[in-house]
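User: I'd like a close look at a single part of this one, please, and then a walk outward from there into the rest. Could you take me through it step by step?

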Amino acid sequence: LNYFKPLAAFRRNFGNVNCARFSPDGTKMILSCQDGVIRIWSIKPRKEIQQLRGHQNGVRCAEFSPNRNIIVSCSKDKTIRLWDVNSGQMIITLNGHSQLVTSARFSPDGNFIVSGSHDATIRIWDLTSGKEGKILVGHSDWIRDVKFSPDGQTLVSSSSDKTIAIWDIKSCDKVMELKGHSKTVITAEFSPDGRFIVSCSTDRTIRLWNVSSGTEIKKFTEPSATITGVRFFPDGHTIVACSDDNVIRLWDIKLGMKIQELRGSVYWQERLRLCDMYGYPIQKWTNHNFCVVGVDVSSGGNTIISTSSDGNIRLWGLL
């Protein structure tokens, strides 16, 4: 089992960071900021190297294309924007959603973008034409997140209507609906091999689903915390989740057990407590003081990035 230790903690005066993602090669991180600016940082040396300006309201998320040449971002200003990484210039603005856009993701081949919005629609954009290709309708409330499967043939969406939907790209049909969460489903994503989906909800659970059967196969409950995000590790056996009690948790889904907590506690005088699966402290470090709103894992699985509503950003590496 792998355990993580703090690598770096930093805070900048540009306000809240809504989302942080690694570049595909793990050498950069992209920060989606509430002030409407996208900031790109190098990991080594750790410094800001680029700013992308153009959104008129807070940026909800941004990510690199698979070839690392383009960035897609979405915002409360109802737009999706594409950016040239080398020049830092905006390439195109994609308009179509009537409310804030919560999610925008590249397809695995980088030729398409899928977006979700509070207007309860999912839209697929063809980057070869720059046009909106297909509109998927089937949720009855806000779309909270939407992502491609590893093979690019299906989508998974999560919604405030308490459901998760799986969509066929070619037919635009909703082929399966996963029900079990009792409140808003914040996010859902496929495992690296496409066989499973992990989801989290404001009902304080993380659930693991079998894609072929649509059945729930595992449920992890945190009675004292709302899980705000969850990601698969590249190995497909480990998940990492962040929560509103300032804690980051790792689970081994094969064992069905929690393997580590990166925990902040007032009893440690606002120091971070890293605990093993038995609850014994491994190390102390400066903690997140407020809700951890986002977490991501590098492509090699050896680094975690986390962001919190207090403006703090943390990097974690293998012990």
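Analyst: Happy to. Let's begin at glutamate 222, which is buried, with a relative accessible area of 8%. Please keep in mind throughout that this is a predicted model.

What does the side chain of glutamate 222 meet? It forms a salt bridge with the side chain of lysine 258, at 2.9 Å from N to O. Glutamate 222 sits in the loop between strand 21 (216-221) and strand 22 (227-232), while lysine 258 belongs to strand 25 (residues 257-265), so the pair ties together parts that are 36 residues apart in sequence. The two partners are covered to unlike degrees: glutamate 222 falls under the 20% cut-off for buried, at 8%, whereas lysine 258 counts as partly exposed because its relative accessibility is 25%.

Between those strands and the ones before them, there is more to see. Strand 24 (residues 248-252) has five of its five residues buried, so the rest of the structure largely encloses this strand. In a regular strand the side chains alternate between the two faces of the sheet. Strand 24 shows this nicely: Ile248, Leu250 and Asp252 point one way, Arg249 and Trp251 point the other way, and all are buried. Its partner is strand 23 (residues 238-243), and the two pair in the antiparallel sense over five bridges. One of the bridge pairs joins cysteine 242 to isoleucine 248 in strand 24. Strand 23 and strand 24 form a hairpin with four residues between them, and asparagine 246 in the turn has a positive phi of about 75 degrees.

A second hairpin follows later in the sequence. Strand 28 (residues 292-297) has five of its six residues buried, so it too is largely enclosed by the rest of the structure. It pairs with strand 29 (residues 303-308) in the antiparallel sense over five bridges, and glycine 294 has threonine 307 of strand 29 as its bridge partner. Here five residues lie between the two strands of the hairpin, and glycine 301 in the turn has a positive phi of about 75 degrees.

Back to charged pairs. A search of the whole structure finds 22 salt bridges. In one of them, the side chains of aspartate 296 and arginine 21 meet at 3.8 Å, N to O. Aspartate 296 lies in strand 28 and arginine 21 in strand 2 (residues 17-22), so this pair ties together parts that are 275 residues apart in sequence. Both aspartate 296 and arginine 21 are buried. In another, the side chains of glutamate 189 and lysine 147 meet at 3.0 Å, N to O. Glutamate 189 comes from strand 18 (residues 185-190) and lysine 147 from strand 14 (residues 143-148), so the pair ties together parts that are 42 residues apart in sequence. Glutamate 189 is buried, with a relative accessible area of 6%, and lysine 147 is buried as well, at 8%. These four residues have further company: Arg21, Glu63, Arg105, Asp145, Lys147, Glu189, Arg231 and Asp296 are linked in a network of salt bridges.

For a look at a sheet elsewhere in the chain, try the open one with four strands in the order 6-7-8-9, paired antiparallel. Strand 6 (59-64) and strand 9 (90-94) stand at its edges with a single partner strand each, so one side of each is left without a neighbour in the sheet. The twist averages 15 degrees from one strand to the next. Inside this sheet, strand 7 (residues 70-75) and strand 8 (residues 80-84) pair over five bridges in the antiparallel sense, and valine 72 stands opposite leucine 82 in strand 8.

Finally, the wider picture. The protein has 30 strands and zero helices. Of its 319 residues, 57% count as buried. Among contacts with a separation of 6 or more, 41% come from residues 24 or more positions apart. The accessible surface comes to about 13,200 Å², and 46% of that belongs to carbon and sulfur atoms.

How far should you lean on the model? The mean pLDDT is 89, and 90% of the residues reach 70 or more. Over residues 264-286, though, the pLDDT is below 50, and this stretch has 65 contacts in the model beyond near neighbours in sequence.

How values were computed
Residues are numbered from 1 along each chain as its sequence is written. This is a predicted model: local features need pLDDT of at least 70, side-chain atom pairs count only at pLDDT 80 or more; totals for chains, interfaces and linings use all residues. Side-chain values use heavy atoms; hydrogens and water are left out. Buried means under 20% relative accessible area, exposed over 50%, partly exposed in between (1.4 Å probe, protein chains only). Two strands pair if DSSP finds at least two bridges between them. Contact means heavy atoms within 4.5 Å. Accessible areas come from the Shrake-Rupley method with a 1.4 Å probe; for residues, only the protein chains shown count as cover. Axes are lines fitted to C-alpha atoms, for helices over the stretch in contact, and angles run from 0 to 180 degrees between N-to-C directions. pLDDT is the predictor's confidence in each residue, from 0 to 100.
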